Amino acid sequence: MNEIDDSQAPLLDHLIELRRRLLWSLAALVLCFGGCLYFARTIFAWLVHPLKAAGQTTIINTQVFGGFLVEIKIAFFAALMLAFPVIANQLWQFVAPGLYRKEKKALLPFLLATPVLFIAGACMAYFVAIPVALKFLLSFQGQLGDTGVQQQALPDVNDYLKFVMQFIFGFGISFLLPVLLMLLEHAGIVTYEQLKGAWRYAVVGAFALSAVLTPPDVGSQLLLAVPLCALYFLALVAIRITHKRRERAAESEEPAT
């Protein structure tokens with residue numbers, strides 16, 4: 001009995017199915033974009049809350065169309081996050097018919113863990129990393145010695161939005177590291193032994209990535225690098241556990257002699 005649910009379909013049928021899944025994903029994105037555009041100011045007020053908590057109550061706009069473009073960016077940014085589960089589900093619906101039942105069971109936990117880990121990373125960025133980074137970056141304003149000259153921080157609305165989006169997406173995507181490693185190991189691209197032996201390079205890579213995604217202060221870099229290292233070792237533990245489960249399952253399926 002064939003374990004694949006559906007028989008092999010012609011290329012045209014696959015293309016038609018792909019178009020249908022893309023249209024559903026686009027429809028979800030457009031629908032979320034329309035709703036987020038209506039609440040763009042409310043969403044932006046939520047995004048600037050860490051700035052206000054850091055003591056900065058002024059944000060400037062230096063472009064004629066700046067306010068309008070900012071609301072468009074905010075709506076698209078929020079729509080991507082809201083439509084992500086629908087897009088991931090449509091991708092799964094397109095790929096799933098060509099997988100064996102065992103592969104479906106193996107990949108489904110990864111699919112479910114992806115939005116959870118992304119949201120966890122985004123929350124850490126918003127509630128922890130962004131406030132710490134803003135507190136450091138805004139600490140450079142004030143009187144310059146005994147000159148009587150005041151250095152005042154006046155963040156531009158576009159720069160601040162780019163700053164926040166970089167943090168949220170950077171942390172969200174970085175927290176998907178365990179899913180990526182487990183998928184690579186499950187596909188046979190890397191092995192548990194290779195990942196275990198490369199932990200030193202992984203630590204260096206985590207700090208290098210945090211240096212790119214965060215401002216040049218030690219506090220912000222540690223806030224991303226330390227969780228990345230922890231997630232790497234957590235992925236190693238999860239891979240080891242799945243190995244033991246596979247070994248026990250293989251032993252139970254072996255016929256008795």
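Helices here are DSSP runs of H or I with at least four residues, numbered from the N terminus, and this numbering will guide the tour. The model on your screen is a predicted one, and each stop below names what to select and then describes what is found there.

**The whole chain**

Start with the entire protein chain selected and coloured by secondary structure, which comes to ten helices and two strands. Following the chain along its sequence, you pass through the pattern α-α-α-α-α-β-β-α-α-α-α-α. If you colour by accessibility instead, 32% of the 257 residues of the protein chain count as buried.

**Helix α1 and its charged network**

Next select helix α1, which covers residues 11-38, and show the side chains of Glu17, Arg20 and Arg21, which are joined into one network by salt bridges that share partners. Glutamate 17 and arginine 21 meet through their side chains in a salt bridge, with a distance of 2.7 Å from N to O. Because these two residues are four apart in helix α1, about one helical turn separates glutamate 17 from arginine 21. The other link in the network runs from glutamate 17 to arginine 20, where the closest N and O atoms are 3.2 Å apart; glutamate 17 and arginine 20 are three residues apart in helix α1, again about one turn of the helix.

How exposed or buried are the three members of this network? Glutamate 17 has a relative accessibility of 22% and so counts as partly exposed, and arginine 20, with a relative accessible area of 37%, is partly exposed as well. Arginine 21, by contrast, has a relative accessibility of 13% and therefore counts as buried, since the cut-off for buried is under 20%.

**The nonpolar patch**

Staying in this part of the chain, switch to a surface view and select Leu11, Leu12, Leu15, Ile16, Leu18 and Leu22, which make a nonpolar surface patch of about 580 Å². One of these residues, leucine 12, has its place in helix α1 and is exposed, its relative accessible area being 57%.

**From α1 across to α4**

Now add helix α4, residues 66-95, to the selection of α1: the two pack at an angle of about 150 degrees, and their axes are 7 Å apart. That angle makes α1 roughly antiparallel to α4, because angles over 145 degrees count as roughly antiparallel. The crossing of α1 and α4 is right-handed.

While helix α4 is still in view, select glutamate 71 together with arginine 41, which form a salt bridge whose closest N and O atoms are 3.2 Å apart. This pair links distant parts of the chain, since glutamate 71 belongs to helix α4 and arginine 41 to helix α2 (residues 40-47), 30 residues apart. Glutamate 71 is partly exposed, with a relative accessible area of 22%, whereas arginine 41 counts as exposed at 67% relative accessibility. How many salt bridges does the count come to? The count is three salt bridges.

**Helices α6 and α9**

Move further along the chain and select helix α6, residues 157-174, together with α9; these two pack at an angle of about 160 degrees, with their axes 10 Å apart. The result is that α6 is roughly antiparallel to α9, and the crossing of α6 and α9 is right-handed.

Within helix α9, which covers residues 199-213, pick out glycine 205, a residue that is partly exposed with a relative accessible area of 36%. If you then add leucine 228, the separation of the two C-alpha atoms is 9.4 Å, although glycine 205 and leucine 228 are 23 residues apart along the chain.

**A last stop in helix α5**

Finally, select alanine 113, which lies in helix α5, residues 101-137. Alanine 113 counts as partly exposed, at 26% relative accessibility. Which distance separates the C-alpha atoms of alanine 113 and leucine 176? With both residues selected, the C-alpha atoms are found to be separated by 8.6 Å, while alanine 113 and leucine 176 are 63 residues apart along the chain.

How values were computed. Residues are numbered from 1 along each chain as its sequence is written. This is a predicted model: local features need pLDDT of at least 70, side-chain atom pairs count only at pLDDT 80 or more; totals for chains, interfaces and linings use all residues. Side-chain values use heavy atoms; hydrogens and water are left out. Patches are made of residues with over 30% relative accessible area and no salt bridge: like charges are joined within 9 Å, nonpolar side chains (Val, Leu, Ile, Met, Phe, Trp, Tyr) within 5 Å. Accessible areas come from the Shrake-Rupley method with a 1.4 Å probe; for residues, only the protein chains shown count as cover. A salt bridge is a side-chain nitrogen of Lys or Arg within 4 Å of a carboxyl oxygen of Asp or Glu. Buried means under 20% relative accessible area, exposed over 50%, partly exposed in between (1.4 Å probe, protein chains only). Axes are lines fitted to C-alpha atoms, for helices over the stretch in contact, and angles run from 0 to 180 degrees between N-to-C directions. Angles under 35 degrees count as roughly parallel, over 145 as roughly antiparallel, 65 to 115 as roughly perpendicular and the rest as oblique. A crossing is left-handed if the near helix is turned anticlockwise from the far one by less than a right angle, and right-handed if clockwise.
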